[in-house]
Amino acid sequence: MKYYSTNKSVPEVSLEEAVVKGLADDKGLFMPERIEKFDPEFFAGIHKLSFQELSFEVAKKFFGEDVPEETLKNLVYDTLSFDCPIANVNDNIFALELFHGPTLAFKDVGGRFMARLLGYFLKGHKNEVNVLVATSGDTGSAVANGFLSVPGIKVYVLYPKGLVSEIQEKQFTTLGQNITAIEIDGTFDDCQRLVKAAFLDEDLKNTLQLTSANSINVARFLPQAFYYFNAYARIRERGIRDDVVISVPSGNFGNLTAGLFAKKMGLPVKRFIAANNENDIVYNYLQNGKYEPRASVATIANAMDVGDPSNFARILDLYGHSHPAIAADIKGYRYSNAEIREVMKEIHYKYGYTLDPHGAIGYKALDEDLQENEVGIFLETAHPAKFTETVESTLGKKIMLPEKLAEFMKGKKLSIPMSKQFEEFKTYLLTK
Ligand SMILES: *Cc1c(COP(=O)(O)O)cnc(C)c1O
């Protein structure tokens, strides 16, 4: 399978090149040249397949031409060594829990799959690959844990000093081995700027093989489609035959876009809901057709604080830049911090389900949008304990820290303090 750039001004590349490069040379995002459909029989029997089994079928449609079948099966099964269940929150609303992986957030699947696929491509290569990733919290932990002890790959996680939660920090600073955490005296934007500058720097390009593990990478992005097939399968497994609406708490729009791919592959989803916090750039686009990126504002659903969502380019490409076509498949909602807290309280005390701030946005949008004879599924993208402070202050009580998080908290923080000057970062990488 070939991959083209959404900017369409460079030649198509192989899967390997798309994964190693991350971003196309014309700064566009890579897209597969074809999106293959499943036969209707596949969906008729989908409830009999486990998360791993159906994900392997989906993976074959994307990667089957480029990765031998047994290898791909191992990659998928090894990536998905945890469950992805649905929980019934109330009458017709279900949470698809994407937080049963090692770092308790949905980015685990993409992070783990990308690490394994890159590891496969690099087998037998002499040169080491350096993965650079800027994080405001969740991406760093998913990528670092995904790549931990993968041979031939070194990971550098850049994060803003004092601006990630203690739990998040522990998840990528305590690992050691091939993972190095760099604590930048600056903001998330500074971290991102340093990473981008490194990719453009001629000296670094000539001496080191650098790649990015942000959600623009097809190896992180495409596996998120597994979730949507699983959502549908688990609903059918319960004997529910209503029309399915899926609500996705969205920031960079990688997750939702993977759902749109699933729909193009034939998955019977009636519509998607793009649920935003106050960073409502795509919400506004869905209303009026104008895409106006702006600086992000900080909210309590901070993994969605994105002012210029990179995967929007993929949505435009997928729908031939047609606003009516996009608006027919996706409905937008947006909520303030106060509204998010309100929902978290209501659902906890009324139904006994504890939402994290991101999932709360997804739930609320469904609750407003759902019609008769429809069943709604929202993606619960993180375990509430990842956002302990917000959840506890909202609910007015303590919540339990799951075993996995408690383990991370015991580790010792190992990170390298650094200024936000590019020269310091560059010298550091060159002398490693
Ligand atoms: C990254 C993230 C999101 C947003 O996902 P996108 O693919 O960037 O839209 C939502 N919730 C949580 C908890 C996240 O970590």
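**Entry 1: helix α13**

I began with helix α13, residues 281-288, and listed its buried residues: I281, V282, Y283, Y285 and L286. The model I am reading is a predicted one. I then asked what covers the buried residues of α13. The cover includes two helices, α14 (312-318) and α15 (323-329), and two strands, β10 (271-276) and β11 (330-334). Just after α13 I found G289, which takes a positive phi of about 80°.

I chose L286 in helix α13 for a further look. Is L286 buried or exposed? Its relative accessibility is 9% and buried means under 20%, so L286 counts as buried. Leaving out residues up to four places away in sequence, I noted that L286 touches A274, H323, I326, A327, I330, K331 and G332. I also looked up the separation of L286 and H323: they are 37 residues apart in sequence, and their C-alpha atoms are 7.5 Å apart in space.

**Entry 2: helix α6**

I turned next to helix α6, residues 138-147, and counted its buried residues. The count is 10 of the 10, so I recorded α6 as largely enclosed by the rest of the structure. The buried residues run from D138, T139, G140, S141 and A142 to V143, A144, N145, G146 and F147.

F147, which has its place in α6, was my example. I found F147 buried, with a relative accessible area of 0%. Which residues does F147 touch, not counting those up to four places away in sequence? I wrote down G111, M114, A115, L118, V131, I153, V155, N178, I179 and A213. I also checked F147 against V129: the two are 18 residues apart in sequence and 12 Å apart in space, C-alpha to C-alpha.

**Entry 3: a residue in helix α3**

I looked up S55, which is placed in helix α3 (residues 51-63). S55 is buried, and its relative accessible area is 0%. Setting aside neighbours within four places in sequence, I found S55 in contact with V76, L80 and F226.

**Entry 4: positive phi values**

I noted the general background that most residues other than glycine have a negative phi. I then recorded two residues with positive values.

K27 is a residue other than glycine, and its phi is near 70°. I located K27 in the loop between α1 (15-21) and β2 (30-32). K27 is exposed, with a relative accessible area of 54%.

S149 is likewise a residue other than glycine, and its phi is near 60°. Where is S149 placed? I found S149 in the loop between α6 and β6 (153-160), just after α6. S149 is partly exposed, at a relative accessible area of 47%.

**Entry 5: the ligand**

I counted the residues that surround the ligand and obtained 15. The closest are K107, D138, G251, N252 and T381. D138 had already appeared in Entry 2, among the buried residues of α6. By class, I sorted the shell around the ligand into six nonpolar, seven polar and two charged residues.

Which backbone atoms lie by oxygen atoms of the ligand? I found a polar backbone atom of G251 at 2.8 Å from a ligand oxygen. A polar backbone atom of F253 is also 2.8 Å from an oxygen atom of the ligand. For N255, a backbone N or O atom lies 3.0 Å from a ligand oxygen. I then looked up how far the ligand is covered: taken alone it exposes 380 Å², and the protein buries 97% of that.

**Entry 6: the whole protein**

Finally, I recorded values for the protein as a whole. Its secondary structure comes to 20 helices and 13 strands. The radius of gyration is 21 Å, close to the 22 Å that the globule rule gives for 432 residues, so I noted the protein to be as compact as a globular protein of that length. The C-alpha trace spans about 60 × 50 × 40 Å along its principal axes.

How much of the protein is buried? I found that buried residues make up 59% of the 432 residues. The accessible surface comes to about 17300 Å², and 48% of it belongs to carbon and sulfur atoms. For contacts with a separation of 6 or more, I noted that 74% are between residues 24 or more positions apart.

Methods: Residues are numbered from 1 along each chain as its sequence is written. This is a predicted model: local features need pLDDT of at least 70, side-chain atom pairs count only at pLDDT 80 or more; totals for chains, interfaces and linings use all residues. Side-chain values use heavy atoms; hydrogens and water are left out. A residue is near a molecule or strand if one of its heavy atoms lies within 4 Å of it. A polar contact is a pair of N or O atoms within 3.5 Å; within protein, one must be able to donate a hydrogen and the other to accept it, and residues adjacent in sequence count only if both atoms are side-chain atoms. Accessible areas come from the Shrake-Rupley method with a 1.4 Å probe; for residues, only the protein chains shown count as cover. Ala, Val, Leu, Ile, Met, Phe, Trp, Tyr, Cys and Pro count as nonpolar, Asp, Glu, Lys and Arg as charged, and the others, Gly among them, as polar. Helices (H or I, at least four residues) and strands (E, at least two) are DSSP runs, numbered from the N terminus. The radius of gyration is taken over C-alpha atoms; the globule rule is 2.2 Å times the number of residues to the power 0.38. Buried means under 20% relative accessible area, exposed over 50%, partly exposed in between (1.4 Å probe, protein chains only). Contact means heavy atoms within 4.5 Å.
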